[in-house]
Amino acid sequence: EGEKEEEEETKPVTLSLNDCLACSGCVTSAETILMQQQSGQEFLNTVNAGDRTVVVSLSPQSRASLAVHFGLTIHQAHRKLVTFFRRLGASYLFDLGLAREVSLLESAQEFLRRYRRSKEEGGDKTTLPMLASACPGWICYAEKTHGSYVLPYISTTKSPQQVMGSIVKDFLARQTGVSADHVYHVTIMPCYDKKLEAVRDDFYDAARKIKEVDSVLTTGEVLDIMHEKGVDLATLDEDATLDDGMFAHFSNHPLFGYPGGSGGFLEFVFRYAARELFGRNVDEITWIEGRNVDWREAKLEIEGTVVLHVVSAYGFRNIQNIVRRIKQKKCPYHYVEVMACPGGCLNGGGQIKPLKTDVGRELLQRVSQAYHDIEIRSPDTRAAVQEGVYDPLEAEHLFHTEYH
């Protein structure tokens, strides 16, 4: 009987992606993810088949990592990546800047709604703090580990990756006359967890049988493809665009962005709320540094009263701190930018690894410098509306999601 009990106790357990916490403990390579549709080879197979319109969306964090690796400026890297993906067979390459603007704006407007509801008499106390939703590692962890304690606080705004998925499969398909199911949309991201985000049921249109994002390649996987093809990015010609003038306001503009290596959510929401709620323009944010480099706060005080308090919490040690405060109902913050990776998205697990001569922190600093070597531009709804990709009446349907 003892032997039988021991056999039962050691019986193998079958795990699927639905069981993954995206804790970064094991999901660090394409082999461990075991997702054939999310591999570099599957991307090449699809491109070579030639029966689908291939659209590539490039994250600024990945572009910065590649630029530093090849000793290029951020602008050189972008133009050479256009050449690289054009030669592979891509029909379009878009900067994720457009989707990030939409995601920032939707996040800020959602925050205003939550803040105002919380101040109403008898208002909903689960509206604040609003927790950022752009990091899929954090979302998986929250859903699987904390559930109803935390989910009501998480922003429903889609991440830039999934916002771009909605734009590509909706707007781009209509503009080009290509059926959405014939569009193959691949994103280049700094994080393996973005693969898990792309395969969520919430981002699959069952009626049309299409995914918002068909495949995700990490920065490191793009480098692997270059090695396989014998391509040195530094020696490629520089093509200006691969977008046929689509999204003209964004295509013809120099590379732009907003401060913040993880998308700028903390900075933008703070400034936006200060202006819209209290009529205060915040040009320079005075940061209050925490006990570690992945925790920093900012406050807006009016007549000695703190009316706006935000914080960034990167890495699971800091995330657990925030979750504990929420459960104890002692969380003083109104908005929290949450990222699973220490150092944020610029230090994502899918970025190019340091060379033997590099020190990890020094490499991160160089990638951060390259990332911020762009024109700073505050998101504006007028640009997205002008392009036809942002309709306030459809935003709730297209650019928001839910958690389980």
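## Strand S11, its partners and a pocket

Leu300 sits across from Leu308 of strand S11. That pairing is a handy way into this predicted model, so to speak, and the strands around S11 come up first.

Leu300's side of the pairing belongs to S10, residues 295-302, which runs antiparallel to S11 with eight bridges between the two. S10 and S11 form a hairpin with two residues between the strands, and Glu303 in that hairpin has a positive phi near 55 degrees. If you're checking backbone torsions, Glu303 is the residue with that positive phi.

S11 also has a partner in S12, this time in the parallel sense. Ser312 stands opposite Glu337 of S12. To get from S11 to S12, the chain goes by way of helix H13 (residues 316-327), making a right-handed β-α-β crossover.

Here are the two pairings of S11 together:

| Partner of S11 | Sense | Bridges | Opposite residues |
|---|---|---|---|
| S10 (residues 295-302) | antiparallel | eight bridges | Leu300 and Leu308 |
| S12 (residues 335-339) | parallel | five bridges | Ser312 and Glu337 |

How much of S11 is covered? Of the 10 residues in S11 (residues 305-314), eight are buried, so to a large part the strand is mostly covered. Now for the pocket. The largest pocket holds about 510 Å³ of space. Its lining counts 20 residues, and those nearest the centre are Val293, Arg296, Tyr314, Gly343 and Ser368. Helix H12 (265-278), S10, S11 and helix H14 (360-371) are the elements that each give two or more residues to this lining. H14 gives the most, with four residues. By residue class, the lining of the largest pocket splits into six nonpolar, eight polar and six charged residues.

Elsewhere in the chain, Leu217 is worth a look. Leu217 belongs to strand S7, residues 215-218. Is Leu217 buried or exposed? Leu217 has 0% relative accessibility, and because buried means under 20%, Leu217 counts as buried. Setting aside neighbours within four places in sequence, the contacts of Leu217 include Gln38, Ser39, Gly40 and Phe43. Val186, Thr187, Ile188 and Met189 are also among the contacts of Leu217, as are Lys195, Val222 and Ile225. Leu58 is 159 residues away from Leu217 along the chain, yet their C-alpha atoms are separated by 9.8 Å.

Note on methods
Residues numbered from 1 in each chain as written. Predicted model: local features only at pLDDT ≥ 70, side-chain atom pairs only at ≥ 80, totals over all residues. Heavy atoms only, no water. Buried < 20%, exposed > 50% of the residue type's maximum accessible area, 1.4 Å probe, protein only. Contact = heavy atoms within 4.5 Å. Pairing = 2+ DSSP bridges. Right-handed = clockwise from strand over helix to strand, strands pointing away. 1 Å grid on protein atoms, 1.4 Å probe; cavity = no way out; pocket = protein on both sides within 12 Å on 5 of 7 lines; lining within 4 Å. Points joined across faces, edges and corners; volume = space filled by probe spheres on them. Nonpolar A, V, L, I, M, F, W, Y, C, P; charged D, E, K, R; others polar.
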